[in-house]
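Colleague: Please take a close look at one part of this model for me, the place where the two chains meet. Then go on to whatever else helps the picture.

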Amino acid sequence: MASLNLLILVCLGYVVLLFLVAFAADRFAAQGAGARWLRSPLVYTLSLSIYCTAWTFYGAVGYAARSGLEFVTIYLGPSLVMMAWWWGLRKLVRVGRSQRVTSIADLISSRYGKSNLLAIGVTVLAVIGVTPYIALQLQSITLSFSIFAEADPNGTYSAERSVFWVAAGLAVFAILFGTRNLDANERHHGVVTAVALEAVVKLVALVAVGIFVVWGLAGGIGATLDRIDASKIGQWQVESGRWATITFLSAAAFLCLPRMFQVMVVENVDERHLRIASWAFPLYLLIMSLFVVPIAAVGLDIMPEGANPDLFVLTVPLSQGQETLAMLSFLGGFSSATSMVIVAAMALSTMVSNHIVMPIWLNSREGGASVSGDVRNVVLMARRISIAVVMAFGYFYYTLSGGGAALAAIGLVSFGGIAQILPAMLGGLFWRGATRTGALAGLTVGFGLWVYTMLLPNLGGGVMPQIWLTEGPLGIGWLRPTALFGIEGLDPTVHAVLWSMGLNTLFFCAASLVSFPSPLERLQGAQFVNVFEHSAGPRGWTGSVAQSEDLMIMSQRILGGEEARALFLREARRQGARGHLPDPTPGFLERLERELSGSVGAAAAHAMIGQIVGGSSVSVEDLWAVADETAQMLEYSNQLEAKSDELSRTAKKLRDANEKLTHISLQKDAFLSQVSHELRTPMTSIRAFSEILRDTDGLADEDKTRYAAIIHGEAQRLTRLLDDLLDLSVLESGQVSLNTGAGNLGDVLDHSVSTALAGWDTPLQVQRRRTDEDVPLETDLDRLAQVFINLIANAQKYCDAERPGLQIVVQQTPDFLHVDFVDNGSGIPEDAQQMVFEKFARVSTEKAGGAGLGLAICREIMQRLGGDVSYLRGRGGGAFRVSLPAALSLAAQ
Amino acid sequence: MSRRVVLIEDEPNIIEAIRFLLTRDGWQVETHSDGADAVEVIRAANPDLVILDVMLPGKNGMDILKDLREIEGFETLPVLMLTARGQAKDREMAEKAGVSRFMTKPFSNAEVMDAVRDLHAQASQQ
């Protein structure tokens, strides 16, 4: 037989293990390591199993032994909620996350305009409702201890003393676990991980006992089924009223129990986990319930008459000498109790300290808290004291109720009380018309009726005079707690739930309809009911990104879409974030606030950012409305600004156009003036000599001939000038059509040289290398020849060497074909080298044959052909290079 | 006493035409086709009349006229300006610079000779 000391040792060892797990998980969470595992849906699902307390671990078997299959309802309620109402849970989780809710009291209070009265009410209700539940855990641990103690021959075991120490131990345990530090989000990775571990222990223990019972004792599945049929479990009738009621109660409790809310909503790190939990958690419950009936049936069969069926899970293995199995089973029960107590105490202490202790403490201090460390210590102390008080309540409830009631009965009382929160919660989530007054009315009525019809009658022990139950208070029959308004014959639980929940819902709806919500309530109502329209999808469910999105939306309204996006993108790049949303780091928030304050003023900007990041009492929607108004004004002023911008842009365009026109006009004037000069000059000679010829008698014949020749020459000069002008005009306007043909560079040069030098008495010596000139061309050969002729003629006209000579050099590069024309004269002075390509540019007046348009035309032609003509410096004499793109020459190769 | 004229012009054919006309009318003609040293040439020749082109290499006719009017004894020397740029502002500039007569090319021979005789007569009367 295991000694009690060994048992205590095992318990302590187990607790130390839990501590280590919790501590490690906290460390990992803080370092960000192993975050994927800590935040996995598996841990989330397992943590939900704190729904299975010692009541379900031990009590289900007892329940089955007493009431047959009714125990299934306890599993049915939550399973239905998880499977069929998954979307509703998602909304609850979304609201909880987006509103940064820390507890169910916080949720209700937040929904109904941050009403502290409601928060206190829910907290009180929760404390009173959960107290029997905690007493239940104390009872189960004490009972399981006593089983081992009774079996220990040396033990001096006292149930009274042990229950106190168990309560104290659990309190210390919960304090150490739950209030080691303060987390802004009220998240406890360590605790959740430890709870998940305990969930595994529970399951393994119960399944192990079940397997032992079915295959070790009963002798297989068939034999077990026979035993079940033989036992009275098989004869229990299913009572539909109780079934429906208890299924409803367990479903309601699953949603409203503070500890469930804690793990399901507050500790939820990813909304998507719900999807997996929606089937995984019912599966867990199914496995938990699988062996309940076999254990109950076999227990009833083999255990002596009068043995407590609540403890069959322990006593059956013990009676068979399976000490290790019994020890495992004990640990399973211990796990169930401790995990429930820790989380429940944590959740309750959060509520008590946030909604009762802190407001009182803050009010008692003039001017509020000034030192944050101060507040921190006070909060932690308030939590610790709250846990102690909650545990003390549980202890007193246990001693008061005498510890006699069956586990399941106590559990149902608790469920009934907690379920009173349901109408206010669901109404708040789905009905915008729900008001604070309605919630208060419903809660008060429901709570009162629950206390009167369920809690007090179940306390027994003289808390409620016995005569009330039979005759009604003051002898008024229709006030009997178990037969209100004369409705008799109902099961007490069904009766109590029907009345309390029914009137609760009725009052909640009625009072909501006749009362008017405050603006804050209205806004919060919209936020809750339309949470999916306002908050980010599952992707944004790490809190920080959701905040960034809110910040982004707000900034867009204030700064304008593009500017806000640019600002956020810049910041995201700066942070090295992959998406387009930066993390809301303090630095970024400060910059954003500065940016926003430029638009809406410092106070408004601070309030807006504070709202989204810090959570003040004004809703996001409210601020959006403000932002919208500001944005409208801004847009208006932006429009004005845009208009004025546009005007000044147009004005500038006009100015530019005008300048351009003026410039063109000046150029045109200069050009016309030049043209006029160039035309008038030959005309002057023509007129003068023609008048001389006309008016002068007796001119010598040779003079006549000479003067006629001058007139002829000048007339030709005029024609050339007009030809050049027309040519240039066509080239410049781009209307020239190129007459592309294939040919050979050498041939073009031959033609050009002979044309350019024709008619000169002393043509210059042209030096060529024919071998280099054998280049096929594909271009406008006539135009190219025109350029060559012009250059050769220029050399002929202007080369001032004693024996004028011209060298034509052909070079090919990958990109260009160069044809250089280099004469042996003195060349063009440096300051005139660029000018020569301008219109009417002439370096020297002597021997001027043209109007100075030749090189301008050459340049135009070459640019049309895709090449260029340029002056080459440092080649000794005047040197021009004609460049053709290689493509034009090589294309023909 | 022979009448002397200095012709500053850079177009060979025009020089020949004007030289023919003036010589026939009994003028002694000295020509020069570079603007740069035209003032010195005129000063040295000290003629009865100057015929001046505007578009000249080296220095344009307007500047030559201005500089000439600065020189003592040349303030009222008759200067006939012949230019192929006959715009109103050119005429204005020329008058400002102190031109005696402004004519645009192409000109009629008779007009030029009338102007030359007219200018010479005015100068002789003073």
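Modeller: I start with the interface and then turn to three places within chain A.

This is a predicted model: local features need pLDDT of at least 70, side-chain atom pairs count only at pLDDT 80 or more, and totals for chains, interfaces and linings use all residues. Residues are numbered from 1 along each chain as its sequence is written, chains are lettered from A and ligands numbered from 1 in the order in which they are written, and side-chain values use heavy atoms, with hydrogens and water left out.

The size of an interface is often given as the accessible area lost when the parts come together. Here about 1,900 Å² is buried between chain B and chain A, and carbon and sulfur atoms give 58% of it. Buried area is the accessible area (1.4 Å probe) that two parts lose on being put together, summed over both. In chain B, the residues that lose the most area to chain A are B:Glu16, B:Phe20 and B:Pro106, together 26% of what that side buries. By contact (heavy atoms within 4.5 Å), 21 residues of chain B meet 21 residues of chain A.

Two salt bridges cross this interface. The rule asks for a side-chain nitrogen of Lys or Arg within 4 Å of a carboxyl oxygen of Asp or Glu. A:Arg717 forms a salt bridge with B:Glu11, with the closest N and O atoms 3.1 Å apart. On the chain B side, helix 1 (12-24) and helix 5 (109-125) are the elements that give two or more residues. Helix 1 of chain B gives the largest share, seven residues. Helices are DSSP runs (H or I, at least four residues) and strands likewise (E, at least two), numbered from the N terminus.

Next, chain A itself. A:Asp820 sits in strand 5 (residues 816-823). It counts as buried because its relative accessibility is 0%; buried means under 20% relative accessible area, exposed over 50%, partly exposed in between (1.4 Å probe, protein chains only). Beyond four places in sequence, A:Asp820 is in contact with residues including A:Leu872, A:Phe880 and A:Arg881.

Helix 15 (residues 292-302) of chain A is largely enclosed by the rest of the structure, because eight of its 11 residues are buried. Among them are A:Val292, A:Pro294 and A:Gly299. The cover includes helix 10 (189-218), helix 14 and helix 16 (312-319) of chain A.

Helix 14 of chain A spans residues 273-290 and holds A:Leu290.
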